[in-house]
Amino acid sequence: MGKEFGYTTGTYAAAAAKAALVALLGERDVSQVGVRLPMSGEAKIPVSRVERSGDYVKCGVVKKSVEENDVTDKIEIFARVSLRKDSQIVIDGGIGIGRITKKGLQLPVGEAAINPGPRRMIRDSVRELTSRGVDVVISAPLGEEVAIATTNSRLGIIGGISIIGTTGIMRAKSSVSFKETILRQLDFCRENGLREIVITPGNISEEAMLAHFGDRVCKERIVQSGDFLGFTLSRAHGLGLGFVLAGHPGKLAKVLGGYFQTHHTKSPPANDSVIRLLEKSVSKELVKEMKESPTVEGIAVILEEHGKTELLNNVADAIEERVRKYLKADFSVPVLLIGMDKRLMGFSRTGAKWARG
(Lines give C-alpha, C1' and ligand atoms only; values in the text may rest on other atoms or scores of the structure.)
Protein backbone atom coordinates (compact mmCIF):
# COMPACT_ATOMS: atom_id res chain seq x y z
CA MET A 1 0.00 0.00 0.00
CA GLY A 2 2.97 2.30 0.34
CA LYS A 3 4.27 4.17 3.32
CA GLU A 4 1.41 6.70 3.28
CA PHE A 5 -1.15 4.01 4.01
CA GLY A 6 -1.64 1.48 6.76
CA TYR A 7 -4.43 -0.03 8.76
CA THR A 8 -6.44 1.18 11.73
CA THR A 9 -6.58 -0.42 15.17
CA GLY A 10 -10.02 -1.64 14.10
CA THR A 11 -8.54 -3.64 11.23
CA TYR A 12 -5.92 -5.17 13.51
CA ALA A 13 -8.55 -6.07 16.12
CA ALA A 14 -10.70 -7.72 13.44
CA ALA A 15 -7.65 -9.61 12.17
CA ALA A 16 -6.85 -10.89 15.67
CA ALA A 17 -10.45 -12.00 16.13
CA LYS A 18 -10.58 -13.77 12.77
CA ALA A 19 -7.26 -15.50 13.36
CA ALA A 20 -8.39 -16.71 16.77
CA LEU A 21 -11.66 -18.06 15.37
CA VAL A 22 -9.87 -19.77 12.47
CA ALA A 23 -7.62 -21.51 15.01
CA LEU A 24 -10.54 -22.35 17.28
CA LEU A 25 -12.35 -24.02 14.38
CA GLY A 26 -9.37 -26.30 13.84
CA GLU A 27 -6.96 -24.61 11.43
CA ARG A 28 -3.34 -25.14 12.49
CA ASP A 29 -1.63 -22.54 10.28
CA VAL A 30 -2.74 -19.05 11.25
CA SER A 31 0.47 -17.18 10.49
CA GLN A 32 -1.46 -14.63 8.43
CA VAL A 33 -5.10 -13.66 8.05
CA GLY A 34 -7.03 -11.65 5.48
CA VAL A 35 -9.63 -9.11 6.62
CA ARG A 36 -12.14 -7.53 4.26
CA LEU A 37 -12.12 -3.74 4.44
CA PRO A 38 -15.43 -1.85 4.70
CA MET A 39 -15.05 0.03 1.43
CA SER A 40 -13.19 -2.49 -0.73
CA GLY A 41 -10.16 -4.70 -0.73
CA GLU A 42 -8.55 -6.92 1.86
CA ALA A 43 -5.85 -6.37 4.47
CA LYS A 44 -3.31 -9.16 4.94
CA ILE A 45 -2.21 -9.06 8.57
CA PRO A 46 0.58 -11.25 10.03
CA VAL A 47 -0.34 -13.06 13.25
CA SER A 48 2.26 -12.60 15.99
CA ARG A 49 0.98 -15.06 18.57
CA VAL A 50 -1.44 -17.95 18.96
CA GLU A 51 -2.45 -19.33 22.35
CA ARG A 52 -4.76 -22.35 22.51
CA SER A 53 -6.43 -23.33 25.77
CA GLY A 54 -9.39 -25.65 26.05
CA ASP A 55 -12.51 -23.82 24.89
CA TYR A 56 -10.86 -20.65 23.63
CA VAL A 57 -8.05 -19.35 21.42
CA LYS A 58 -6.22 -16.05 21.84
CA CYS A 59 -4.34 -14.47 18.94
CA GLY A 60 -2.20 -11.36 18.73
CA VAL A 61 -1.24 -9.00 15.91
CA VAL A 62 1.24 -6.11 15.93
CA LYS A 63 -0.03 -2.76 14.72
CA LYS A 64 2.19 -0.91 12.27
CA SER A 65 1.34 2.76 11.93
CA VAL A 66 2.00 5.31 9.21
CA GLU A 67 0.98 8.24 11.41
CA GLU A 68 3.61 10.47 12.98
CA ASN A 69 3.72 10.23 16.76
CA ASP A 70 1.14 7.43 16.87
CA VAL A 71 1.49 5.92 20.33
CA THR A 72 -0.22 2.72 19.19
CA ASP A 73 2.55 1.96 16.69
CA LYS A 74 4.01 -1.52 17.30
CA ILE A 75 1.68 -2.40 20.18
CA GLU A 76 0.21 -5.90 20.23
CA ILE A 77 -3.56 -6.23 19.97
CA PHE A 78 -5.16 -9.50 21.06
CA ALA A 79 -8.51 -11.19 20.58
CA ARG A 80 -9.72 -13.99 22.82
CA VAL A 81 -12.45 -15.99 21.09
CA SER A 82 -14.77 -18.71 22.34
CA LEU A 83 -18.00 -20.23 21.03
CA ARG A 84 -21.41 -19.58 22.57
CA LYS A 85 -24.49 -21.80 22.82
CA ASP A 86 -26.64 -19.21 21.02
CA SER A 87 -26.12 -17.36 17.72
CA GLN A 88 -25.06 -13.97 19.12
CA ILE A 89 -21.73 -12.26 18.53
CA VAL A 90 -20.74 -10.49 21.75
CA ILE A 91 -17.80 -8.09 21.59
CA ASP A 92 -16.13 -6.66 24.67
CA GLY A 93 -12.89 -5.10 25.75
CA GLY A 94 -10.33 -6.57 28.11
CA ILE A 95 -7.10 -5.26 29.58
CA GLY A 96 -5.80 -2.10 27.92
CA ILE A 97 -9.04 -1.22 26.11
CA GLY A 98 -10.71 1.92 27.44
CA ARG A 99 -14.23 2.19 28.80
CA ILE A 100 -16.73 4.95 28.00
CA THR A 101 -17.58 6.96 31.13
CA LYS A 102 -19.21 10.07 29.65
CA LYS A 103 -21.88 10.87 27.08
CA GLY A 104 -21.08 12.41 23.72
CA LEU A 105 -19.13 9.61 22.06
CA GLN A 106 -20.23 7.01 19.52
CA LEU A 107 -20.94 4.42 22.22
CA PRO A 108 -23.05 4.40 25.37
CA VAL A 109 -21.55 4.85 28.82
CA GLY A 110 -20.12 1.59 30.13
CA GLU A 111 -19.21 0.10 26.76
CA ALA A 112 -15.68 -0.86 25.77
CA ALA A 113 -14.15 1.79 23.49
CA ILE A 114 -14.42 -0.35 20.36
CA ASN A 115 -16.10 1.92 17.83
CA PRO A 116 -19.02 0.89 15.59
CA GLY A 117 -16.86 0.50 12.48
CA PRO A 118 -14.45 -2.01 14.05
CA ARG A 119 -17.37 -3.85 15.67
CA ARG A 120 -18.90 -4.34 12.22
CA MET A 121 -15.57 -5.58 10.84
CA ILE A 122 -15.26 -8.07 13.70
CA ARG A 123 -18.83 -9.30 13.20
CA ASP A 124 -18.36 -9.62 9.44
CA SER A 125 -15.12 -11.57 9.96
CA VAL A 126 -16.86 -13.94 12.35
CA ARG A 127 -19.80 -14.48 10.02
CA GLU A 128 -17.44 -15.40 7.17
CA LEU A 129 -16.48 -18.45 9.21
CA THR A 130 -19.50 -19.53 11.26
CA SER A 131 -23.16 -18.91 11.99
CA ARG A 132 -22.64 -19.92 15.61
CA GLY A 133 -22.49 -17.47 18.47
CA VAL A 134 -19.07 -16.15 19.42
CA ASP A 135 -17.61 -14.21 22.34
CA VAL A 136 -14.81 -11.85 21.31
CA VAL A 137 -12.70 -10.00 23.87
CA ILE A 138 -10.21 -7.47 22.47
CA SER A 139 -7.24 -6.49 24.62
CA ALA A 140 -3.96 -4.59 24.39
CA PRO A 141 -1.53 -5.23 27.28
CA LEU A 142 0.23 -1.89 26.74
CA GLY A 143 -3.01 -0.04 26.09
CA GLU A 144 -3.40 1.63 29.45
CA GLU A 145 0.22 2.77 29.40
CA VAL A 146 0.16 4.32 25.92
CA ALA A 147 -3.31 5.82 26.39
CA ILE A 148 -1.75 8.33 28.80
CA ALA A 149 -0.33 10.12 25.75
CA THR A 150 -3.72 10.28 24.00
CA THR A 151 -6.76 12.46 24.55
CA ASN A 152 -8.82 9.52 25.83
CA SER A 153 -8.98 10.63 29.45
CA ARG A 154 -10.24 14.07 28.38
CA LEU A 155 -12.98 12.34 26.43
CA GLY A 156 -14.01 10.20 29.37
CA ILE A 157 -12.42 7.02 27.98
CA ILE A 158 -10.68 5.43 30.93
CA GLY A 159 -8.35 2.47 31.22
CA GLY A 160 -6.80 2.15 27.80
CA ILE A 161 -6.82 2.85 24.09
CA SER A 162 -9.75 3.05 21.68
CA ILE A 163 -10.24 0.66 18.78
CA ILE A 164 -11.17 2.96 15.91
CA GLY A 165 -11.53 3.31 12.15
CA THR A 166 -14.37 3.70 9.66
CA THR A 167 -12.72 2.44 6.46
CA GLY A 168 -10.10 0.17 8.01
CA ILE A 169 -7.42 2.13 6.20
CA MET A 170 -5.20 4.68 7.90
CA ARG A 171 -3.69 7.59 6.01
CA ALA A 172 -0.99 9.73 7.56
CA LYS A 173 -3.16 12.84 7.74
CA SER A 174 -0.97 14.74 10.17
CA SER A 175 2.25 14.18 8.21
CA VAL A 176 3.65 16.90 6.01
CA SER A 177 3.53 14.57 3.01
CA PHE A 178 -0.27 14.48 3.27
CA LYS A 179 -0.19 18.06 1.99
CA GLU A 180 0.95 16.72 -1.37
CA THR A 181 -2.23 14.66 -1.61
CA ILE A 182 -4.31 17.75 -0.86
CA LEU A 183 -2.51 19.77 -3.53
CA ARG A 184 -3.00 17.02 -6.13
CA GLN A 185 -6.73 16.89 -5.38
CA LEU A 186 -7.11 20.67 -5.58
CA ASP A 187 -5.21 20.80 -8.88
CA PHE A 188 -7.41 18.02 -10.25
CA CYS A 189 -10.54 19.97 -9.34
CA ARG A 190 -9.32 23.16 -10.98
CA GLU A 191 -8.06 21.44 -14.13
CA ASN A 192 -11.35 19.57 -14.54
CA GLY A 193 -13.51 22.65 -14.12
CA LEU A 194 -14.91 21.73 -10.71
CA ARG A 195 -15.26 25.27 -9.47
CA GLU A 196 -17.04 24.45 -6.21
CA ILE A 197 -15.67 21.73 -3.96
CA VAL A 198 -16.46 20.31 -0.54
CA ILE A 199 -13.71 20.42 2.08
CA THR A 200 -14.05 17.85 4.86
CA PRO A 201 -11.67 16.70 7.60
CA GLY A 202 -12.08 12.98 6.90
CA ASN A 203 -14.05 9.88 5.95
CA ILE A 204 -17.16 10.26 8.11
CA SER A 205 -18.04 13.72 6.87
CA GLU A 206 -17.24 12.70 3.28
CA GLU A 207 -19.58 9.72 3.53
CA ALA A 208 -22.26 11.92 5.08
CA MET A 209 -22.07 14.47 2.27
CA LEU A 210 -22.38 11.73 -0.34
CA ALA A 211 -25.32 10.20 1.53
CA HIS A 212 -27.21 13.47 1.98
CA PHE A 213 -26.24 15.31 -1.19
CA GLY A 214 -25.22 12.57 -3.61
CA ASP A 215 -27.29 14.16 -6.36
CA ARG A 216 -25.08 17.27 -6.21
CA VAL A 217 -21.81 16.08 -4.73
CA CYS A 218 -19.50 13.39 -6.09
CA LYS A 219 -16.28 12.03 -4.60
CA GLU A 220 -14.21 13.99 -7.12
CA ARG A 221 -15.49 17.24 -5.62
CA ILE A 222 -14.55 16.30 -2.05
CA VAL A 223 -11.13 17.16 -0.67
CA GLN A 224 -10.15 15.77 2.72
CA SER A 225 -8.06 18.23 4.68
CA GLY A 226 -7.02 15.88 7.47
CA ASP A 227 -5.54 18.10 10.16
CA PHE A 228 -4.36 20.69 7.60
CA LEU A 229 -7.58 22.67 7.50
CA GLY A 230 -5.98 26.11 7.17
CA PHE A 231 -3.58 24.88 4.50
CA THR A 232 -6.44 23.37 2.48
CA LEU A 233 -8.65 26.44 2.77
CA SER A 234 -5.83 28.79 1.79
CA ARG A 235 -4.73 26.75 -1.21
CA ALA A 236 -8.29 26.27 -2.46
CA HIS A 237 -8.89 30.01 -2.12
CA GLY A 238 -5.62 30.77 -3.90
CA LEU A 239 -6.66 28.57 -6.82
CA GLY A 240 -9.93 30.44 -7.17
CA LEU A 241 -12.09 27.54 -6.03
CA GLY A 242 -15.32 28.05 -4.15
CA PHE A 243 -16.02 25.63 -1.34
CA VAL A 244 -18.40 24.27 1.22
CA LEU A 245 -16.92 23.34 4.59
CA ALA A 246 -18.49 20.23 6.13
CA GLY A 247 -17.33 18.30 9.16
CA HIS A 248 -17.60 17.35 12.79
CA PRO A 249 -18.28 20.37 15.03
CA GLY A 250 -15.50 19.36 17.41
CA LYS A 251 -12.99 19.54 14.56
CA LEU A 252 -14.27 22.63 12.75
CA ALA A 253 -14.93 24.64 15.92
CA LYS A 254 -11.22 24.62 16.69
CA VAL A 255 -10.95 27.58 14.31
CA LEU A 256 -12.96 29.64 16.83
CA GLY A 257 -9.86 29.61 19.02
CA GLY A 258 -7.65 30.47 16.04
CA TYR A 259 -6.44 26.91 15.45
CA PHE A 260 -6.39 25.94 11.79
CA GLN A 261 -4.01 22.99 12.32
CA THR A 262 -6.43 20.65 14.04
CA HIS A 263 -4.27 17.73 15.18
CA HIS A 264 -4.80 17.15 18.90
CA THR A 265 -1.10 17.81 19.60
CA LYS A 266 -1.33 21.24 17.91
CA SER A 267 -4.72 22.47 19.11
CA PRO A 268 -6.84 22.03 22.25
CA PRO A 269 -10.42 20.73 22.20
CA ALA A 270 -13.00 23.31 21.08
CA ASN A 271 -15.30 22.85 24.09
CA ASP A 272 -14.36 26.14 25.76
CA SER A 273 -14.76 28.13 22.54
CA VAL A 274 -18.20 26.64 21.90
CA ILE A 275 -19.37 27.24 25.48
CA ARG A 276 -18.15 30.86 25.42
CA LEU A 277 -20.09 31.39 22.22
CA LEU A 278 -23.31 29.90 23.60
CA GLU A 279 -23.28 30.77 27.31
CA LYS A 280 -25.27 34.00 26.89
CA SER A 281 -28.03 32.08 25.12
CA VAL A 282 -28.62 29.41 27.76
CA SER A 283 -29.14 29.13 31.50
CA LYS A 284 -26.31 28.87 34.03
CA GLU A 285 -27.43 25.33 34.79
CA LEU A 286 -27.10 24.36 31.15
CA VAL A 287 -23.66 26.00 30.94
CA LYS A 288 -22.57 23.92 33.92
CA GLU A 289 -23.86 20.76 32.25
CA MET A 290 -22.05 21.59 29.01
CA LYS A 291 -18.79 22.12 30.89
CA GLU A 292 -19.04 18.56 32.17
CA SER A 293 -19.10 17.17 28.63
CA PRO A 294 -15.79 15.77 27.35
CA THR A 295 -16.56 16.57 23.71
CA VAL A 296 -18.28 19.10 21.49
CA GLU A 297 -20.54 16.31 20.25
CA GLY A 298 -21.47 15.75 23.90
CA ILE A 299 -22.40 19.43 24.12
CA ALA A 300 -24.56 18.93 21.03
CA VAL A 301 -26.31 15.99 22.70
CA ILE A 302 -26.98 18.12 25.79
CA LEU A 303 -28.42 20.91 23.63
CA GLU A 304 -30.62 18.37 21.89
CA GLU A 305 -31.88 17.01 25.22
CA HIS A 306 -32.86 20.55 26.23
CA GLY A 307 -34.48 21.45 22.90
CA LYS A 308 -31.71 23.89 21.98
CA THR A 309 -30.28 22.30 18.85
CA GLU A 310 -30.81 25.49 16.86
CA LEU A 311 -27.87 26.96 18.77
CA LEU A 312 -25.56 24.73 16.73
CA ASN A 313 -26.44 26.97 13.80
CA ASN A 314 -24.84 29.82 15.77
CA VAL A 315 -21.70 27.71 16.07
CA ALA A 316 -21.71 27.12 12.31
CA ASP A 317 -22.19 30.87 11.67
CA ALA A 318 -19.23 31.66 13.93
CA ILE A 319 -17.07 29.10 12.15
CA GLU A 320 -17.94 30.60 8.77
CA GLU A 321 -17.13 34.11 9.99
CA ARG A 322 -13.78 32.97 11.44
CA VAL A 323 -12.86 31.21 8.18
CA ARG A 324 -13.75 34.28 6.13
CA LYS A 325 -11.55 36.46 8.33
CA TYR A 326 -8.72 33.92 8.10
CA LEU A 327 -8.89 34.02 4.30
CA LYS A 328 -9.65 37.76 4.14
CA ALA A 329 -12.51 36.71 1.88
CA ASP A 330 -15.61 38.65 0.88
CA PHE A 331 -17.53 35.56 -0.28
CA SER A 332 -19.64 33.07 1.66
CA VAL A 333 -18.27 29.80 3.01
CA PRO A 334 -21.28 27.54 3.67
CA VAL A 335 -20.64 25.46 6.81
CA LEU A 336 -22.38 22.18 7.60
CA LEU A 337 -21.87 20.43 10.93
CA ILE A 338 -21.94 16.63 10.86
CA GLY A 339 -22.08 14.21 13.77
CA MET A 340 -20.14 10.97 14.13
CA ASP A 341 -23.37 9.20 13.18
CA LYS A 342 -23.34 11.18 9.89
CA ARG A 343 -26.33 13.24 10.99
CA LEU A 344 -26.57 16.87 9.86
CA MET A 345 -26.42 18.75 13.17
CA GLY A 346 -26.27 22.41 12.18
CA PHE A 347 -25.81 24.92 9.36
CA SER A 348 -24.50 28.41 8.95
CA ARG A 349 -27.03 30.70 7.29
CA THR A 350 -25.33 30.26 3.93
CA GLY A 351 -24.92 26.55 4.66
CA ALA A 352 -28.68 26.18 5.11
CA LYS A 353 -29.26 27.90 1.75
CA TRP A 354 -26.72 25.64 0.10
CA ALA A 355 -28.31 22.52 1.63
CA ARG A 356 -31.72 23.49 0.30
CA GLY A 357 -30.21 23.73 -3.15
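Which hand does the crossing of H4 and H6 have? The crossing is right-handed, and it's a good place to start looking around this model, which is a predicted one. Helix H4 covers residues 178-191 and helix H6 covers residues 229-238. They pack at an angle of about 30°, with their axes 10 Å apart. Angles under 35 degrees count as roughly parallel, and H4 and H6 are therefore roughly parallel to each other. If you want to find the contact on screen, pick out Lys 179, Ile 182, Leu 183 and Leu 186 on the H4 side. Across from them, H6 brings Phe 231, Thr 232, Arg 235 and Ala 236. By class, that contact of H4 with H6 splits into 5 nonpolar, 1 polar and 2 charged residues. The spacing may look familiar: an α-helix has 3.6 residues a turn, so residues three or four places apart point the same way.

Now jump back towards the start of the chain, to helix H1 (residues 9-24) and helix H2 (residues 116-129). Their axes come within 9 Å and cross at roughly 25°, and that makes H1 roughly parallel to H2. The hand of this crossing is right-handed. From H1, the contact takes in Gly 10, Thr 11, Ala 13, Ala 14, Ala 17, Lys 18, Leu 21 and Val 22. H2 answers with Pro 118, Met 121, Ile 122, Ser 125, Val 126, Glu 128 and Leu 129. Sort the residues of this H1 and H2 contact by class and you get 10 nonpolar, 3 polar and 2 charged.

Stay with H2 for a moment. It has 14 residues and runs 21 Å from its first C-alpha to its last, close to the 20 Å expected at 1.5 Å a residue. Buried along H2 are Gly 117, Pro 118, Arg 119, Met 121, Ile 122, Ser 125 and Val 126. So what covers them? The cover for the buried residues of H2 includes H1, along with strand S2 (32-36), strand S7 (89-93) and strand S9 (134-139).

Helix H5 (residues 203-213) has its own buried set: Ile 204, Ser 205, Glu 206, Glu 207, Ala 208, Met 209 and Phe 213. Note that Glu 206 and Glu 207 are both on that list. The buried residues of H5 pack against several strands, namely S12 (196-200), S13 (222-224), S14 (242-247), S15 and S16 (344-347), and also against helix H12 (349-356).

Further along come helix H9 (residues 284-291) and helix H10 (residues 296-305). Their axes come within 9 Å and cross at roughly 145°, and H9 passes H10 in a right-handed crossing. H9 contributes Leu 286, Glu 289 and Met 290, while H10 supplies Ile 299, Ile 302, Leu 303 and Glu 305. The contact of H9 with H10 comes out as 5 nonpolar, no polar and 2 charged residues.

After H10, the loop that leads to H11 holds Gly 307. Is Gly 307 buried or exposed? At 53% relative accessibility, Gly 307 counts as exposed. Its C-alpha is separated by 21 Å from that of Ala 253, 54 residues away along the chain. Helix H11 itself contains Val 323, which is buried, with a relative accessible area of 0%. Leaving aside neighbours within four places in sequence, Val 323 touches Leu 233, Leu 245, Phe 260 and Val 333. Gly 258, 65 residues from Val 323 in sequence, has its C-alpha 9.5 Å from that of Val 323.

A few loops round off the tour. Between helix H3 (143-147) and strand S10 (157-158) you'll find Thr 151, buried at a relative accessible area of 19%. Thr 151 and Pro 268 are 117 residues apart along the chain, with their C-alpha atoms separated by 9.9 Å.

Two lysines are worth clicking on for their backbone. Lys 74, in the loop between strand S5 (56-62) and strand S6 (76-83), has a phi near 70°, a positive value in a residue other than glycine. Lys 328, in the loop between helix H11 (311-327) and strand S15 (335-338), has a positive phi of about 55° although it is not a glycine. Lys 74 is exposed, with a relative accessible area of 61%, and Lys 328 counts as exposed at 76%.

Conventions. Residues numbered from 1 in each chain as written. Predicted model: local features only at pLDDT ≥ 70, side-chain atom pairs only at ≥ 80, totals over all residues. Heavy atoms only, no water. Axes fitted to C-alpha atoms, helices over the stretch in contact; angles between N-to-C directions. Helix = DSSP H or I, 4+ residues; strand = E, 2+ residues; numbered from the N terminus. Parallel < 35°, antiparallel > 145°, perpendicular 65-115°, else oblique. Left-handed = near helix turned anticlockwise from the far one by under 90°. Contact = heavy atoms within 4.5 Å. Nonpolar A, V, L, I, M, F, W, Y, C, P; charged D, E, K, R; others polar. Expected span 1.5 Å × (residues − 1). Buried < 20%, exposed > 50% of the residue type's maximum accessible area, 1.4 Å probe, protein only.
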